[in-house]
Amino acid sequence: MSSLYNLSPIPHILDIRCPKCGGDARFEFGEVVKIKRRADVPFFRDSHLFEYRQVTDSCGHRWHAAIYYAALHGGSTNAIRGLPEGYQPSDWDHSEYLRWGHTVIGAYACHSCHDVRRHDLSWPTDAFFQIDYRGETLWAFHRESAIALQNYIAASHRDADTSPWSRMLMHVPTHFLAASARDAVLTRLERLLGSERSSRKSTIAKR
Ligand SMILES: [Zn+2]
């Protein structure tokens, strides 16, 4: 299953099981930007907004990176201020495309226990939307794709899917699509989608 992650694009934001409470947490990949001038390094190294790292690429070249974790700052780049000349907060925006799964660095904010923390992604182990059926695991990136998965499995005719998750749906193992599996798989997915809803409700009630 893990090979799927390397073969397929992945969204910038995922639902993961909170490492602290097991609830639904929002994980967001960190964005890495190359620091242009050596003179800018102290700014990024000392900033509480950025993580500074020295990176060595495959050719052995060393460069300086400024990493921003939106999940640690309310889920946007709005917190970024006072950058040295030549940088914009939008340099740390996610691209409009899905990402290919090579980096694991990111951070999460939990809807249930409100834990906010740096986190190296382990996918699909971390997936919040995952169910087991007869020894195999089926997972979805987040709520939206879990619903797409649910509809796909429930459908009697599976036409070419046009949703952004069509590639993920194309790779659903037949193990989960067999008529004999359908009811059990759908029940488990429904339970997860339902529990996710109620955990959000209780979060709101606590506020
Ligand atoms: Zn939590």
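**A four-stranded antiparallel sheet**

In the predicted model, strands β2 and β3 run antiparallel and are joined by five bridges. Within this pair, Arg17 of β2, a strand that spans residues 13-17, has Asp24 in β3 as its bridge partner. On pairing with β8, strand β3, which covers residues 24-29, again adopts the antiparallel sense, and five bridges connect it to β8 at residues 105-110. The register of this second pairing is illustrated by Ala25, whose bridge partner in β8 is Cys110.

Strand β8 pairs in turn with β9, formed by residues 116-120, and here too the arrangement is antiparallel and extends over five bridges. Tyr108 finds its bridge partner in β9 at Arg117. The two strands β8 and β9 constitute a hairpin in which five residues lie between them, and His114, located in the turn, has a positive phi of about 65 degrees.

Taken together, these pairings give an open sheet of four strands, ordered β2-β3-β8-β9, with antiparallel pairing. Because β2 and β9 stand at the edges and each has a single partner strand, one side of each is left without a neighbour in the sheet. Neighbouring strands of the sheet are turned against each other by 35 degrees on average, when direction is ignored. In a regular strand, side chains alternate between the two faces of the sheet.

Methods
Residues numbered from 1 in each chain as written. Predicted model: local features only at pLDDT ≥ 70, side-chain atom pairs only at ≥ 80, totals over all residues. Pairing = 2+ DSSP bridges. Axes fitted to C-alpha atoms, helices over the stretch in contact; angles between N-to-C directions.
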